[in-house]
Amino acid sequence: MSAIPVYRWRLAPEGLATRRQLRARGLRPGGQPVAAQLERPRRRRGPLVAYLYSIELAKPVRPMTPAKRAALAKANRARRLCPQCRNDAGYVIPAGLGVCVPCADLGEQSAA
């Protein structure tokens, strides 16, 4: 098994892209193996690592089906629903609060 090449931040050759860069072009890795690794050095910690894939071997992103679109809308709706007051908050409920901001404010006032 051969080791994959490792490149420093911003020094990767043309023709390679991260998953996010592929997605911006409307592509996906499509089952291809990792072509290279990109490392961004950090102070006092290990480097950030990103895997690179060949743009030539990438496949187009699969189109969104109506069923997938409905499931995604349902999941996003559930993330906006406050478990305490059962209202749609209009934004994603912060995980740190667990409830919408008005319910969290009421909880703080009653605890004080």
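Select L16 first, and then S54 in β5, because these two residues stand opposite each other, in strands that are, by definition, DSSP runs of E with at least two residues, numbered from the N terminus. The model is a predicted one, in which local features need pLDDT of at least 70 and side-chain atom pairs count only at pLDDT 80 or more, while totals for chains, interfaces and linings use all residues. Residues are numbered from 1 along each chain as its sequence is written, and side-chain values use heavy atoms, with hydrogens and water left out.

**The sheet**

Widen the selection to β2 and β5, which run antiparallel and are joined by 2 bridges; two strands count as paired if DSSP finds at least two bridges between them. The whole open sheet is made of 4 strands in the order β1-β4-β5-β2, with mixed pairing. Its edge strands are β1 (6-8) and β2 (16-17), each of which pairs on one side only. In general, strands of a sheet pair through backbone hydrogen bonds, in either the parallel or the antiparallel sense.

Next, show β4 together with β5, an antiparallel pair held over 5 bridges. Within this pair, R40 stands opposite L48 of β5, and E39 stands opposite V49 of β5. Then turn to β1 and β4, which pair in the parallel sense over 3 bridges. Here the bridge partner of R8 in β4 is E39, and that of V6 in β4 is Q37.

**L38, in strand β4**

Now select L38, which has its place in strand β4. Is L38 buried or exposed? L38 counts as buried, because its relative accessibility is 10% and the class takes in values under 20% relative accessible area, with exposed over 50% and partly exposed in between (1.4 Å probe, protein chains only). Leaving aside neighbours within four places in sequence, L38 is in contact (heavy atoms within 4.5 Å) with Y7, R8, W9, R10, A12, L48, V49, A50 and L52. For a distance to check in the viewer, take the C-alpha atoms of L38 and R8, which are 5.7 Å apart in space although the residues are 30 apart in sequence.

**V49 and the surface patch**

Move to V49 in strand β5 (residues 48-54), which counts as partly exposed at 42% relative accessibility. Add I4 and Y51 to the selection, since the three residues I4, V49 and Y51 form a nonpolar patch on the surface, with about 250 Å² of accessible area together.

**Q32, in a loop**

Select Q32, found in the loop between β3 (27-28) and β4 (36-40). Although it lies in a loop, Q32 is buried, with a relative accessible area of 11%. Not counting residues up to four places away in sequence, Q32 touches Y53, S54, L57 and A58. A polar atom of the Q32 side chain lies 3.0 Å from the backbone oxygen of S54, the residue that stands opposite L16.

**The salt bridge**

How many salt bridges does a search of the whole structure find? The search finds 1, where the term requires a side-chain nitrogen of Lys or Arg within 4 Å of a carboxyl oxygen of Asp or Glu. To see it, select R80 and D88, whose side chains meet at 3.3 Å, N to O. Both residues are partly exposed, R80 with a relative accessible area of 25% and D88 with 45%.

Definitions and conventions: Polar contact = N/O pair within 3.5 Å; in protein donor to acceptor, adjacent residues only side chain to side chain. Patch = residues over 30% accessible without salt bridge, like charges linked within 9 Å, V, L, I, M, F, W, Y side chains within 5 Å. Areas by Shrake-Rupley, 256 points an atom, 1.4 Å probe, with all protein chains shown as cover.
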